[in-house]
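Trainee: I'm new to this one, so could you walk me through it?

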Amino acid sequence: TSSASTTVQNGTANTVVSAAEGSRLVREAVANQSESIVIKPEVTSDVTKAEVSIPASTVGRISSETSAALPVSAPIADVTIPNAALDTLSSAGGTVNVATEQVDQAVVLTLTAGGEKVKELPGGLTLSVPVEDAGPGTVAVLVHEDGTRETIRKSVVEDGMVNIPLNGSATVEIV
């Protein structure tokens, strides 16, 4: 688990995982045969947006040297990227950014690799949104760029979270 340095400004938490921290995480994951390498920013104030930046080279090493998934756990939502999708992200080079933002009733997930927004990720990813009083009638709704809405039928409510399978960057409302 990494609690890389985080700065908070104007309601946005920015976390940058350094190459050295990434190398340490990969070494520990290999030594412990870890199933996941968790990036968990330490955020003590209220934020509406959390962005985590990871060097693409680190993401590539996680992919090639481990079988670990990459969960990014932020106050707004958790994003879990399976190991099979990490190679695609790292091949873009530069930096992989995972941003979650609360916008009105929606959670916006923006995944970028090498400066480009990722719309489709082989194997997809899971967005986990904390929800108070979530029950059997709680569902996730995908809000498309043109404003149309689509219920995500495979979303699951578990332990106060709605776990939502996604293909890539998305805007989701919990209703």
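Mentor: Helices (H or I, at least four residues) and strands (E, at least two) are DSSP runs, numbered from the N terminus. This is a predicted model, where local features need pLDDT of at least 70 and side-chain atom pairs pLDDT 80 or more, while totals for chains, interfaces and linings use all residues. Residues count from 1 along each chain, and side-chain values use heavy atoms, without hydrogens or water.

Trainee: Which element gives the largest share of the lining of the largest cavity?

Mentor: That is E6, with three residues; strand E3 (49–55), like E6 (95–103), supplies at least two. A cavity is a set of points on a 1 Å grid over the protein atoms alone where a 1.4 Å probe fits but cannot get out, and lining residues have an atom within 4 Å of a point.

Trainee: And which residues line it?

Mentor: The lining consists of Ala 50, Val 52, Val 72, Ala 74, Ala 77, Val 79, Val 98, Ala 99 and Thr 100.

Trainee: Switching to helix H3, what's buried there?

Mentor: In H3, residues 83–90, the buried ones (under 20% relative accessible area, 1.4 Å probe, protein chains only) are Asn 83, Ala 85, Leu 86, Leu 89 and Ser 90. They lie on the same side of H3 because they cover an arc of only 140 degrees around the axis, taken from the directions from the axis to the C-beta atoms.

Trainee: What do they pack against?

Mentor: Those buried residues pack against helix H2 (56–65), strands E4 (70–73), E5 (78–81) and E7 (106–113), and E6, with contact meaning heavy atoms within 4.5 Å.

Trainee: What does Ile 81 touch?

Mentor: Leaving out residues up to four places away in sequence, Ile 81 touches Ala 69, Leu 70, Leu 86, Leu 89, Val 98, Leu 111, Leu 121 and Leu 125.

Terms used:
1 Å grid on protein atoms, 1.4 Å probe; cavity = no way out; pocket = protein on both sides within 12 Å on 5 of 7 lines; lining within 4 Å. Buried < 20%, exposed > 50% of the residue type's maximum accessible area, 1.4 Å probe, protein only.
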